[in-house]
Amino acid sequence: MPIDELDTPRLRRWAPEEWALAPGWQPALDAFLASGAGLRLAEFIRERLDSGAVIYPPRPLRALESTPLAQVHAVILGQDPYHGPGQAEGLAFSVPPGVRLPPSLRNIFKELRAGTEAPEPAHGCLIDWARRGVLLLNTVLTVEEGQPGSHAKKGWEELTDALLADVAAQASPCVYLLWGAHAQAKASLIETTAAAHGREALVLQANHPSPLSARRPPVPFLGCGHFRQAREWLARRGCDSVL
């Protein structure tokens, strides 16, 4: 059934003070909102909304709602939200139940099930992962319909870098799954910060799960074994059932 454009979930107004956060994230958000970058981002999004732009997702900070900072034991880093109607829900790579799986998520599920007899998940919503301690964070938290990357370099990156730094400084043990060049660009920030604070961090890098790159060198996503490695590493440190 086609999604009714009038009913499609979208961002209706810029109101970060009304967006609920799990414990631990508020200081970074408050500092960002008061900064020049935060003020410029707020002005940009208000202007785009006033001009009639359709912006996704309806809750840009949803990745911070269900995963308290103190409970993060894995990070999956995406780039920006899905830009199709009804897809983006504020969790990296996740789509609401009933929405067709995007190709990248289908490959993620394929790699998740590799070497097991587990069936493919019934839907593409990853909220259960978030509740178990997986931070599903995009580096840019909003996008305009049909325009991937449209809100890149508008300020979000300063916030998400600060959030990643908070995780690296406080979360331990923690696995970081960095797929594709965009995510891998954050490896140095994570490793340097974790080392400075004496935190246990495992950084795993591979190509993006998109069909365009999932099987290509230098490190094909399909067959990378990241989920198995992450589970085993976390289990040895007493963190079972995270991924």
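**Fold, annotated site and backbone oddities**

Pro57 sits in the loop that runs between β1 (55-56) and β2. That makes a handy way into this predicted model, as the peptide bond leading from Tyr56 to Pro57 is cis, with omega near -5°. A second cis bond turns up between Pro217 and Pro218, this one with omega at about 10°. Pro218 also belongs to a loop, namely the stretch between β6 (201-206) and α8 (226-235). Such spots stand out because most peptide bonds are trans, just as most residues other than glycine have a negative phi.

Two residues go against that habit for phi. Phe93 is not a glycine, yet its phi is positive, at about 70°. Its place is the loop between β2 and α3, and with a relative accessibility of 10%, under the 20% cut-off, Phe93 counts as buried. Ser241, again not a glycine, has a positive phi of about 60°. Ser241 falls in the segment after α8; its relative accessibility is 60%, over the 50% mark, so Ser241 is classed as exposed.

The loop between β2 (74-78) and α3 (103-112) also holds Asp80. According to the UniProt record, an unreviewed entry, Asp80 carries the annotation "active site". Is Asp80 buried or exposed? Its relative accessibility comes to 18%, which is under 20%, so Asp80 counts as buried. Once neighbours within four places in sequence are set aside, the contacts of Asp80 are Asn138, Val140, Val143, Pro148, Gly149 and Ser150.

Stepping back to the whole chain, the secondary structure amounts to eight helices and six strands. Read from the N terminus, these elements follow the order α-α-β-β-α-α-β-β-α-β-α-α-β-α. The radius of gyration is 17 Å, close to the 18 Å that the globule rule gives for 243 residues, so the protein is as compact as a globular protein of that length. Along the principal axes, the C-alpha atoms fill a box of roughly 50 × 45 × 30 Å.

As for packing, 53% of the 243 residues count as buried. Among contacts with a separation of 6 or more, 72% come from residues 24 or more positions apart. On the outside, the protein exposes about 11400 Å², with carbon and sulfur atoms supplying 51% of that area. The charges come to 24 positive and 26 negative, and the mean positions of the two sets are 6 Å apart.

Key. Residues numbered from 1 in each chain as written. Predicted model: local features only at pLDDT ≥ 70, side-chain atom pairs only at ≥ 80, totals over all residues. Heavy atoms only, no water. Helix = DSSP H or I, 4+ residues; strand = E, 2+ residues; numbered from the N terminus. Rg over C-alpha atoms; globule rule 2.2 N^0.38 Å. Buried < 20%, exposed > 50% of the residue type's maximum accessible area, 1.4 Å probe, protein only. Contact = heavy atoms within 4.5 Å. Areas by Shrake-Rupley, 256 points an atom, 1.4 Å probe, with all protein chains shown as cover. Lys, Arg positive; Asp, Glu negative; His and termini not counted. Charge placed at Lys NZ, Arg CZ, Asp CG, Glu CD. UniProt positions renumbered as here; feature names shortened; annotations may be inferred.
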